[in-house]
2 protein chains.
Amino acid sequence: MTRLQSEIKQSKPFRSLEEEVYLSLIRTTDALFRRHEDLLKTVDLSPAQYNVLRILRGSEPHGLACKEIADRMLTRDPDITRLLDRLEQRKLAVRSRHREDRRVIITRISANGLELLAQLDRPGSELSKACLRHLGKARLRELIRLLEAAREKTG
Amino acid sequence: MTRLQSEIKQSKPFRSLEEEVYLSLIRTTDALFRRHEDLLKTVDLSPAQYNVLRILRGSEPHGLACKEIADRMLTRDPDITRLLDRLEQRKLAVRSRHREDRRVIITRISANGLELLAQLDRPGSELSKACLRHLGKARLRELIRLLEAAREKTG
DNA sequence: TGACAATAGTCGTTTAAACGATTACATTAT
DNA sequence: ATAATGTAATCGTTTAAACGACTATTGTCA
């Protein structure tokens, strides 16, 4: 009986190693994700909003088009427009139309947005460390290698 | 420049190995998750609904209380009631009140539900394999070990 | 040039996720 | 016995996710 089996109180063995890896990935990621979500809730941000703000900070001072933001996100979002609407309403981002290609809207992070991110940098970093530091550098590096290898065939 | 950095077109290095692992987990899991979601969409099931159906199949012939279902889920769901409502409406599950403790509702998977799951077993298993088989047994086992170790401090 | 296709972003609508409050029943302690 | 506490599940409401249709602008090519 594997550890994951007992965690989810499953009596039957997994169909395959591949399936066990997939389920283990979901469970591990969800556990970490929830804790980060809790942190973000303290400032009323969703993980996707936080992700976009960090992308925008990284693209300063030029800003990015919607589609470019979508490409950079960790998880796919089907409606960037309204996500940006909410950030703009809260004055965390600013939008403006591109001069040359008037189809494009350029979004930049605002001073407020930068401030909010700055406030989250330390606790976010500490949280990841608190959850994963016990693995040690060697195993962390190995995990990164394996995850990259796992993504190879996912399109 | 790491692989994940170029995938998300990030110019700055990660703050720490722990943070890189966390982001890599999200990206890897999301990629696999999406493909499974697409499969489930063909029969109009959400991943959470599918998860519950499999839990219920595993608990046959006794069925489970709501809280027990919640405990076994891969991801936390804040409203099992309505998730089960939908399964019941579609005749994939059946609910009945516990005789001894009348607070408890026991849910069981229906014949329809079992049939639907049976129909998904093969393609689901094939999908995981298609995404991960290239790692080989040794690396799959190593990945499982590392993921279990990663979950140790996540509560 | 002018029709047609491609691209960028937005919007309408349906559905479900999330949160808190609430009901119903069981258990415990006094 | 009964009040208080705990537990199981449900429900009301707000908000956002998801999907497809739609508008606006640019690019292509006969």
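**Two chains on two DNA strands**

In this predicted model, DNA strand D has 20 residues around it, and the closest of these are Arg102(A), Ala65(B), Cys66(B), Lys67(B) and Thr81(B). Both chains thus turn up in that short list, with Arg102 coming from chain A and the other four from chain B. As for secondary structure, at least two residues of the surface near DNA strand D come from each of α5 (80-89) of chain A, α4 (66-72) of chain B and α5 (80-89) of chain B. Sorted by class, this surface holds 10 charged residues, eight nonpolar ones and two polar ones.

Turning to the other strand, DNA strand C is surrounded by 19 residues, with Ala65(A), Cys66(A), Lys67(A), Thr81(A) and Arg102(B) coming nearest. Here α4 (66-72) of chain A and α5 of chain B each put in at least two residues. The surface near DNA strand C is made up of 10 charged, seven nonpolar and two polar residues.

The two chains also meet each other: 59 residues of chain B are in contact with 59 residues of chain A. On the chain B side, α1 (3-7), α2 (17-41), α4, α6 (111-132) and α7 (136-150) each give two or more residues. The biggest giver is α2(B), with 19 residues. That side of chain B counts 24 charged, 23 nonpolar and 12 polar residues.

Within chain A, strand β3 (residues 105-109) has two partners. One is strand β1 (residues 64-65), which pairs with β3(A) in the antiparallel sense over two bridges; in this pairing, Leu64(A) sits opposite Thr107(A). The other is strand β2 (residues 93-97), again antiparallel to β3(A), this time over five bridges. There, Val94(A) faces Arg108(A) across the pair.

Helix α6 of chain A covers residues 111-132. With 22 residues at 1.5 Å a residue, α6(A) should span 32 Å, and its end C-alpha atoms are indeed 32 Å apart, so the expected and modelled spans agree. Still, α6(A) has a kink of about 35 degrees at Asp121(A), shortly before the proline Pro123(A). As for burial, Gly113(A), Leu120(A), Ser128(A), Cys131(A) and Leu132(A) are buried residues of this helix.

How values were computed: Residues numbered from 1 in each chain as written. Chains lettered and ligands numbered in written order. Predicted model: local features only at pLDDT ≥ 70, side-chain atom pairs only at ≥ 80, totals over all residues. Near = placed C-beta within 6 Å. Helix = DSSP H or I, 4+ residues; strand = E, 2+ residues; numbered from the N terminus. Nonpolar A, V, L, I, M, F, W, Y, C, P; charged D, E, K, R; others polar. Pairing = 2+ DSSP bridges. Expected span 1.5 Å × (residues − 1). Bend = angle between axes of the 7 residues up to and from the residue. Buried ≥ 20, exposed ≤ 12 C-beta atoms within 10 Å, placed from the backbone. Contact = placed C-beta atoms within 7 Å.
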